[in-house]
Structures are given as C-alpha cells and as structure tokens.
Amino acid sequence: MKKLLFLMSFALIFAVSCDKAETPLAENSDLMTQDAVIEQVSAESNGILDEIISFGMFGAQTKAIWGERFLSEGVTLTVRDSASIRIVTVDFGTTGVKGADGKVRSGKLVGYFSVTDKTNFQQKLRYIGYKIDGYQYSGEVIRVITRQIDLHTQQAVITENVKVVFPDGVKFVTRVANMTRVIINGEAATLEDNFVKTFGTISVTNEQGAVYTKTIAEATPLMFKVIPGEIVSGIAKITQRNGRNITADYGDGTVDNTATLTDGTKTWTIQLRKVQTT
C-alpha cells in the first residue's frame with residue numbers, strides 16, 4: 001500500500017510540475033502572438049499615412065505603396081489647414097469598414113503633416129476610438145522623414161506612445177517605442193516588392209504591470225512585406241522583467257504566417273495573424 005501511495009504521489013507531483021512548466025510556454029505564445037499583431041499594425045500606420053498623401057492631399061496623385069489597402073470605399077477624409085500644418089481626419093465610422101487587406105477598421109485617425117522641403121518632413125498620427133478587428137488603439141505615432149528620391153525609399157525616425165486594449169476589453173498593453181523605419185518602394189507596376197524595414201527598441205507594459213523590452217538590431221531588422229501584410233523575416237529579442245529572454249525569429253523572407261520562438265531551453269512556433277489579399 002505504501003508503495004502504491006508513493007507511486008500515486010509521485011505521479012501527481014510529476015503531473016503538477018509538468019503543468020507548471022508548460023504554463024509559461026502557453027502564456028509566452030499568447031504574448032508573442034499579440035506582440036506580432038501590434039508590431040504589424042505599427043508598420044501598417046506608415047501605409048495609412050502614405051495613402052493619405054496618395055489621395056491627392058499634397059498635390060499630384062502618387063502611387064501609395066499599399067495600393068489603397070486601407071482607405072477604401074466607405075472611408076471619409078476631411079482636410080483643413082492650421083498655420084503651416086495640414087490636418088487630415090480619416091473616419092472609418094462606428095460600424096467599421098473592411099479594407100482590401102481583409103481587416104475591419106472603425107473610429108478615427110488624425111494625421112498632422114508639416115513639410116520642410118521635398119526631402120524632409122514630419123508626420124504625426126493620432127488614434128481616436130480606433131479599432132482594428134476588435135483591438136482598440138489610442139495614443140500617437142510621430143515620424144520624422146528623410147526621402148531618398150533616387151533610391152525610392154523613405155527613412156523615418158519613429159516615436160510611438162500607444163495603448164492597445166485587446167478584444168476582451170480587459171487585457172491591454174502600453175507600447176513606447178523608438179525605432180528607425182525604412183520604407184522601400186519597388187517597381188511601380190507591382191506591390192509585391194514593397195517592404196517596411198524596422199529596427200530599434202520597444203518597451204511594453206501590460207495591465208498587470210509586467211514589463212518587457214524588445215530589441216531589434218539593425219543587422220537583423222523586421223521586414224514587413226506589404227502584400228500580404230506580414231512580417232516575413234528578422235529577429236526580435238525580448239527580455240522579461242524576471243530576466244528571462246525569448247528570441248523571435250520571423251524567418252528567411254518566405255510568407256508562411258509563422259515565427260519561431262526560443263527561450264534557450266525550448267523552441268516553439270506561433271501563428272501570426274495573416275491578412276487576406278482579396
């Protein structure tokens with residue numbers, strides 16, 4: 001009987017230990033999936049600002065690198081000038097508008113544009129009651145941009161201070177970021193070779209006060225492919241408050257809707273939120 005009780009107790013302890021070991025893995029998978037969603041929305045903000053410009057807000061019509069994937073039919077744009085700043089309000093309405101990328105957006109974005117010359121300008125984007133597929137954003141993004149016309153690129157120094165409330169209405173994170181983002185325009189006839197390259201540092205705090213920092217090195221930047229709207233390569237190193245490190249590897253450029261995570265002991269894969277292309 002004693003031997004049987006011992007074996008039962010051992011089995012119970014083993015089962016509990018395994019459960020405790022697996023719990024952080026599940027939590028980190030959720031954390032990293034949510035982080036990937038937010039990171040991709042951050043890259044999308046560049047496309048929205050560029051589409052505002054492409055809709056003739058600043059003179060001649062130009063090709064938006066996203067090909068009007070966001071500002072589709074049903075979106076209302078209002079333009080006004082204040083001193084040397086042009087203010088554009090993008091209203092997706094209260095019920096929301098489905099973009100060409102398959103995402104439903106509601107609420108408002110307000111863009112503030114000031115131009116120094118043809119190659120230097122500043123943009124600010126504010127989120128007002130803005131939602132994407134149930135994720136609600138507030139706060140602002142500032143871009144100080146230098147255009148390299150001959151290379152068909154724009155380099156932007158990005159400052160973000162954004163709060164994101166998750167669809168359950170309870171969980172949220174605040175994201176404070178200092179990044180460099182390079183918008184790479186490919187051939188004019190296609191969007192398939194357009195990318196957004198990002199590197200820098202990000203600090204994220206959740207509703208429980210837990211903090212983690214993310215570092216993206218310039219040598220291994222996150223590459224966001226415009227179509228289908230997904231991070232396809234790059235490495236992000238995440239450091240949690242308890243000192244635990246996780247590395248997220250987004251791959252070699254293949255569009256596969258995955259990222260591989262490792263904490264030095266375990267390696268696992270998460271699914272990214274892959275957008276529709278029709």
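## A strand-rich chain and its C-terminal hairpins

The accessible surface of the protein chain comes to about 13900 Å², and carbon and sulfur atoms account for 55% of that area. Please keep in mind that this is a predicted model. The chain has 15 strands and 1 helix. Of its 278 residues, 42% are buried. Looking at contacts between residues at least 6 apart in sequence, 44% join residues at least 24 apart.

**Lys 214 and its surroundings**

- Lys 214 sits in strand β10, which covers residues 211-216.
- With a relative accessible area of 1%, Lys 214 falls under the 20% cut-off, so this lysine counts as buried.
- Leaving aside residues up to four places away in sequence, Lys 214 touches Asp 35, Glu 39 and Arg 175, along with Gly 200, Thr 201 and Ile 202.
- Ala 236, Lys 237 and Ile 238 are also among the residues that Lys 214 touches.

**The β12–β13 hairpin**

- Strand β12 (residues 230-240) pairs with strand β13 (residues 245-252) in the antiparallel sense, over 6 bridges.
- Ala 236, one of the contacts of Lys 214, has Ala 248 in β13 as its bridge partner.
- There are 4 residues between the two strands of this hairpin, and Gly 243 in the turn has a positive phi of about 90°.

**The β13–β14 hairpin**

- Strand β13 also runs antiparallel to strand β14 (residues 258-262), joined by 3 bridges.
- Here Asp 249 stands opposite Thr 260 in β14.
- This hairpin has 5 residues between its strands, and Gly 253 takes a positive phi near 110°.

Technical notes
Residues are numbered from 1 along each chain as its sequence is written. This is a predicted model: local features need pLDDT of at least 70, side-chain atom pairs count only at pLDDT 80 or more; totals for chains, interfaces and linings use all residues. Side-chain values use heavy atoms; hydrogens and water are left out. Buried means under 20% relative accessible area, exposed over 50%, partly exposed in between (1.4 Å probe, protein chains only). Contact means heavy atoms within 4.5 Å. Accessible areas come from the Shrake-Rupley method with a 1.4 Å probe; for residues, only the protein chains shown count as cover. Two strands pair if DSSP finds at least two bridges between them.
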